[in-house]
Amino acid sequence: MAAKINNEDISKAWLIITEVLSPAHANVRQRKQNETEFQNSVDVMIQNGLGYMIEEWFVECLQQDLRRNVAPTFWKVFEVEDSELLPKQLGKAVNYLHEITMGYMPCIDRLNSMAVILENRKSSTVFNKKNLSEAYILLIKSIIFFIMPAQFCKAVELFYSQAFKVFHHSTSEDEEEEDEEDEDECKGCDKEQEECVCKDILDNFHTINRQLDDIGILERVSGMAVTSIVHDRIKHHIENTCKGNFETSYLKNLEEWLDSKVLGWLTLVYSGNCRNTNADCIEGFKGRLLHFMYETFAKTHIDQLFNIIIEFPESEPAILDLKVCLEKTDLRGTLVTSLKTALETRLLHPGVNTSDILTAYIAAIRALRILDPVGVILELVCDPVRRYLRSRDDTVRQIVCNLTDDGSNELLDELQKGQPLLDDGCSSDDELDDWENWMPDPVDADPRTTSKSRRASDIISMLVNIYGSKELFVQEYRTLLADRILTQFNYEIVKEIRYLELLKLRFGESQLHYCEVMLKDVADSKRLNSRVMDERLKAAKREEIEVNAMVLSAQFWPAFREEKIKLPEVMQKSLEEYTKKFEALKGNRTLNWKPHLGLVNIDVELKDRTLNFNVSPVHAAIIIQFQSQETWTVEELSNVLQMPATALRRKIAYWQTQGLLREEATDKFVLVEEHKGRAMHDIIVTDDDEAESAMASAQTQREEELQVFWSYIVGMLTNLESLTIDRIHSMLRMFAMQGPSAVECSVPELKRFLDSKVRDQKLLFSGGVYRLPKSDMM
């Protein structure tokens, strides 16, 4: 039979319970004296099914007290104008909140220990917390610290910044003890040594941390400020220690510094305060701070990556550090974007020489291969560089020059490895794939490129792939080789043979057959000149000009630069004498001279001195004319030498710079026989024009190649009267671009060629079609 509800007993019991559990600052001793009476009152409430009201009432009263009394009093402490007082005010506020909390704790503990309430906890939870202690912490955070004013945040930051500075100073005392003695000001508290308050700051620091932890809000109050302080400290340390120095690895030292300095301080903040903070908190901080350190270090190096690449291989430690950071952070995209921008801004513009761009590109290949062995970053970053190099006319020549340069460089080192190129431009790789250690390509990899090709391609392969054709490189080497031979006029070809053998290993023998014949021509010419010299000695006949010839097989050499000149009789006579000797030795073969090519060693005898020069035949022909008369006009010389006046003026300028000719009137030059003042000694010089290539320019050669199409085009237009550019191109592809040695021509290039013919009035263009002039069609 259920017990009868007695309202009078319930009212009396409720009054006792509210007096004992009231969140006012009641006397704890008085509450202990009423323990039996309080327990009996609780039993009355429970027996009448009203036990749940006790906890609900207490929590409601607690919320009202925190909202109406505690929070306003707590925040009023920070209403000060002097920001230097804020750390001190923080101590006062935390001490006040700690006293309030300690006053609440007996009531909370009493309720937590009520056995019946605990039995009903599953159906009577507060804010889904296990006990009232956790609910109380939640109320503190949600009512008082739901929004933290700027003044409070500033107070917390100043307090922890000051504490961190003192801690860092105290842990560095042993290292800086000698310096400390010579300083009047403490580096920890910034006060005079006699007035140092570092100990007080640390004591206050420990007290406030303990009180905040007792309340259960240590992380809530300190977390943001502590994180901001250590982040700033990590940034500052990395900036001062690592920036600009790429020859040293820093990651290990940074990790040790983080453990000893930063995490040491965090341990000091949370150590011993284990009520609401455990070891997992420090481990969590360590993981987050390590990630932040890797990220900050990576961003610092990414900002300097262009300089790191330029300084490679000395900067390899920085590349390896960055590689580790990229594996631990998500900054690949940032790196690619930043480096692309740096390359385009600092490298890919007309103000940078092609050789410098190639040097940077080669350094990028080597550095980024270490950073990302898969080659994806290299592929993404260097695509603009490849496209820009393709647009420069001298790129191929610069690459070939580096391949055959006398000095040591990356390309020559690669060439000496002797690794052959496959047809797709990649290095051969006969090794089996390691399937056990296979890893998929990163998500940012180009799906059109295979992983094997990215890994296998060496530096030369990547340079060849700029144009996609090794034939172009071989052709450029052929031109460069011819230019070296004809400008230096040297029969010593041991070095050139060595380079040729290396290139044959790389590009194949069939590709370099023409170059092999060219070097054979040089060797044959050397033997021929020796035989001619022997004939001269036997005849005991000394010629006025002794000729040494370079006899070339025309069909194997690139096109020569043409220049009109009629040599003086004395020079021409020497060439004819040499031709006779050649014909005598070679039977039915003869020579076709290129009079503007070669070198002439000439002595110029003046009244007061004799000068010696190594010049081109054209320069020699000009100065020889002044033997017959001392004054010449440009028009007279032009007629005698049968060369254009513009070219003649350029050549005369050389003799003016040497002080042998003087322009006494417009286009009238006189020989200077003697100089007043200091005498000039014998000199051997070479004209700047001698550096000019002996070979026809690429544009000239291309125009000659396209000239092959002209007869086809004339035939088409004669038969069909008018054709569009596309129709002409398709017909040329069908009839004129067939065979292994056929000349290829794109539509834009064909249009430029046809437009040049229109300017020369050899074609007419109107209505989108080309036609021949009427006179050409008749």
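1. In this predicted model, the side chains of Glu501 and Lys504 meet in a salt bridge, with N and O 3.3 Å apart. Being 3 residues apart in helix α25, the two residues are separated by about one helical turn. Glu501 counts as partly exposed at 39% relative accessibility, whereas Lys504 is buried, its relative accessible area being 9%. The cut-off behind these words is worth keeping in mind, because buried means under 20% relative accessible area and exposed means over 50%.

2. Salt bridges that share partners also occur, and they join Asp383, Arg386 and Arg387 into one network. The structure as a whole holds 14 salt bridges, and the pairs discussed in this note are among them.

3. Helix α25, which spans residues 494-507, also contains Glu496, and the side chain of Glu496 meets that of Arg484 in a salt bridge at 3.3 Å, N to O. Arg484 lies in helix α24 (residues 470-488), so the pair ties together parts that are 12 residues apart in sequence. What is the status of Arg484 and Glu496, buried or exposed? Both residues are buried, so each has a relative accessible area under 20%.

4. A further salt bridge is formed by Asp259 and Lys286, whose closest N and O atoms are 3.6 Å apart. Asp259 belongs to helix α12 (residues 251-270) and Lys286 to helix α13 (residues 279-303), so this pair ties together parts that are 27 residues apart in sequence. Asp259 is partly exposed, with a relative accessible area of 39%, and Lys286 likewise counts as partly exposed, at 29% relative accessibility. As general background to these pairs, side chains of opposite charge can pair when their charged atoms come close.

5. Turning to the nonpolar residues, the largest nonpolar core has 157 residues. Which residues have the most contacts inside it? They are Ile144, Phe145, Phe152, Tyr160, Trp265, Leu266 and Leu368. For Trp265, leaving aside its neighbours within four places in sequence, the residues in contact are Tyr160, Ala163, Phe164, Phe167, Phe205, Val226 and Val230. Tyr160 therefore appears both in the list of residues with the most contacts inside the core and among the contacts of Trp265, a link that rests on heavy atoms within 4.5 Å, because that is what contact means here.

6. A second core, separate from the largest one, has 40 residues, including Val600, Ile602, Ala620 and Leu660.

Methods: Residues are numbered from 1 along each chain as its sequence is written. This is a predicted model: local features need pLDDT of at least 70, side-chain atom pairs count only at pLDDT 80 or more; totals for chains, interfaces and linings use all residues. Side-chain values use heavy atoms; hydrogens and water are left out. A nonpolar core is a set of buried Ala, Val, Leu, Ile, Met, Phe, Trp, Tyr and Cys residues joined through side-chain atoms within 4.5 Å. Buried means under 20% relative accessible area, exposed over 50%, partly exposed in between (1.4 Å probe, protein chains only). A salt bridge is a side-chain nitrogen of Lys or Arg within 4 Å of a carboxyl oxygen of Asp or Glu. Helices (H or I, at least four residues) and strands (E, at least two) are DSSP runs, numbered from the N terminus.
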